[in-house]
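Reader: Please show me the model under discussion. I should then like to put some questions about how its strands and helices are arranged.

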Amino acid sequence: MTMILAIETSCDETACAVVKDGNEILSNIVSSQINVHTLYGGVVPEVASRIHVENISAVISEAVRKAGVTMADIDAIAYTRGPGLIGSLHVGVQAAKTLAWTFHKPLVPVHHLTGHIYANAFVTDLKFPLLALVVSGGHTELVRMKDDWSFEVLGSTMDDAIGEAYDKVARVLDLGYPGGPVIDRMAKTGQPLYRLPQPKAAGELDFSFSGLKTAVLQLVDRERRHGNEVKAEDLACSFQETALRQLISRTLKAVEEYKPAMLVLAGGVAANSRLRQMITEEMAAYPDTELVIPPMWCCTDNAAMIGAAGTVAWKHGLTGDLSAAADPALEMPGEKS
Amino acid sequence: MKKLVIYTENAEETRAAGAKLAAAAEPNMVFLMKGDLGAGKTTMTQGMARGLGIARHVTSPTFNLLKIYKGRMPLYHIDAYRLEGVSQDLGFEEFLNDDGLTVIEWSQFVPDLIPEEHLSISLHLEAEDRRRIELEASGEAYEKLLEVFA
C-alpha cells in the first residue's frame, strides 16, 4: 500500500489531498480563489500568494483529518514544483518541505501537467501507449506516454494556450473572467456565422491560437467601426468551433499516427462541454483507442491528481530533497527542449 | 534618446528583427514591448530567443506572468497583461539585474519595474501582415544597440 500526501498551489487553488495506491482519494481539499480574481479579470499573483499562505495550513490539516490518517501513515509528500506562478508555487513548496523535514518523509516533486494527465487514473486504469490532450489556461499539448513515466510532447502551442485565447476573447466581448465557461455557455445559443481563420502552426501536431485571437479582435473592431452590432453569442460560437476544430484535427492525426491504446483529456479546458461532445463523436471512428474524459472535478486544479502522479513517481524512486525550489518554467520529464 | 522606425512584412521578418537585437544585446538589458493584442509582441520575442541561441519555443507568458529560458544568457519574458490596475510587488526586480535579457510585454502596467535606461519597442499593425516597429533607445548602450539596423 502506498499513501501519498499531495500539495498543489501552482495558480488559483490552495489544495491538499491524501491518495491511497495512486487511485483512491481519501481526501481532496481545494480552496479556490476564483471569486477574488474575478474582480481583477485575472489571477493577481501577490493576492494569490497571500491567500495561499492564509489557506495552506488549514487545507493540509483538513486533508489529513478527513482522510482519517495520521502523518505516520504517509509514505511521501508530493508537491507541484512547476510550472506556474512563482509566488504561488513557493507557498506549496515550502509547506511540502516543512512537512517532509518535520515528519521525516521523502519529497516527490511533480510536474503540474503530469498531474492533470494522472487525474484520469481516478476514472479508470490507464493503458499504454497513451495519448493525452492537455488543455488549460497555460498549456495546449499533445503528450505521448509509452509507459507510465515517459512523456513525449508531440505537439504544443506555438503562441497562446487555448484557455488564454478563451480568456482574451471573453475580455474583448466584456464577458468577464474566466472566459471558458461563459463562452461555452453562450456558444450554445449562437450560430457559427462569423468566418474566422484557422491559424497555421509549425508542425502538423502543433497548435496556434494567437492569430485566431487577433482575428476576433479585428472583426469586433471592424464591425463596431461600421456601426454594426456584434452578436456575442454568434461570435462566441464561431470562435469556439474554430478553436476546438483545431484541437480535434491535431488529436485525430496523432491517434492515427501513434495508434494509442487510450486517449485522455486533461486540464481545465477539458471541462468544456462542446469539446467533450466533439471528441466523443469523432473518436467513435477509432474503436481500438479507448477514450477517457475525466469528470469535471478533476479537470480543474486539485491536489489529488498530484498525489496520483506522485505515487507513480515515488514508485520509480523519483524523490527530491530539501534543497528543492519552485521552478515556474519546469519542463516535463522527457520534454524536448 | 535615439529613435528608429523599421517595417516588417511578415512574422518571420518580425522574428528576424528580434533576433538581430538580442544577438547584440548585453547582459542586464531591458526591452519593453508595446502594442495591442495581436500586434506581434510575442512573435518578436520569439526572434529574440533565437538571437540568444535558445532552442525552446517561446510561448505567451500571459498565464504564468514570467517565463525563463536558458540561452547564451537567460531570457526573462514577463507579461504584465493581467496586472492592469493592480499595484503590487511581484519580486521580478531580481531578474532585471541578473545577467539576462529581460523582455516585458504590457510594461505600462508595471511602471515601477522599468529602469531609466531601456529599449522601448512599439509594434503597430499597419496592414494584414505588415508591422511598423518603433524603437526608442534610452541610454548610451541602447543607442549603440540600434546600430545593428544601420
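Reader: How many residues lie between strand 3 and strand 4 of chain B in their hairpin?

Author: In this predicted model, strand 3 (residues 66–69) of chain B pairs with strand 4 of chain B in the antiparallel sense over four bridges. Within this pairing, B:Leu66 has B:Ile78 as its bridge partner. The two strands form a hairpin, and the number of residues between them is five.

Reader: Which residue in strand 5 of chain B is the bridge partner of B:Tyr76?

Author: Strand 4 of chain B also pairs with strand 5 (residues 101–105) of chain B, in the parallel sense and over five bridges. In that strand 5, the partner of B:Tyr76 is B:Thr102.

Reader: How many of the residues of strand 4 of chain B are buried?

Author: On one side of this strand, B:Leu75, B:His77 and B:Asp79 are buried. On the other side, B:Tyr76 and B:Ile78 are buried too, and both faces are thus covered. Of the five residues in strand 4 (residues 75–79) of chain B, the number buried is five.

Reader: Which strands are the edge strands of the open sheet in chain A?

Author: The sheet has five strands in the order 3-2-1-4-5, with mixed pairing. Strand 4 (residues 76–82) of chain A runs parallel to strand 5 of chain A, joined by five bridges. The strands that pair on one side only are strand 3 (24–31) and strand 5 (107–111) of chain A.

Reader: At about what angle does helix 3 of chain A run to strand 4 of chain A?

Author: Helix 3 (residues 86–103) of chain A lies across strand 1 (3–8), strand 4 and strand 5 of chain A. Its angle to strand 4 of chain A is about 160°.

Technical notes
Residues are numbered from 1 along each chain as its sequence is written. Chains are lettered from A and ligands numbered from 1 in the order in which they are written. This is a predicted model: local features need pLDDT of at least 70, side-chain atom pairs count only at pLDDT 80 or more; totals for chains, interfaces and linings use all residues. Two strands pair if DSSP finds at least two bridges between them. Two residues are in contact if their C-beta atoms, placed from the backbone, lie within 7 Å. Axes are lines fitted to C-alpha atoms, for helices over the stretch in contact, and angles run from 0 to 180 degrees between N-to-C directions. A residue is buried if 20 or more other C-beta atoms lie within 10 Å of its own, exposed if 12 or fewer, and partly exposed in between; C-beta atoms are placed from the backbone.
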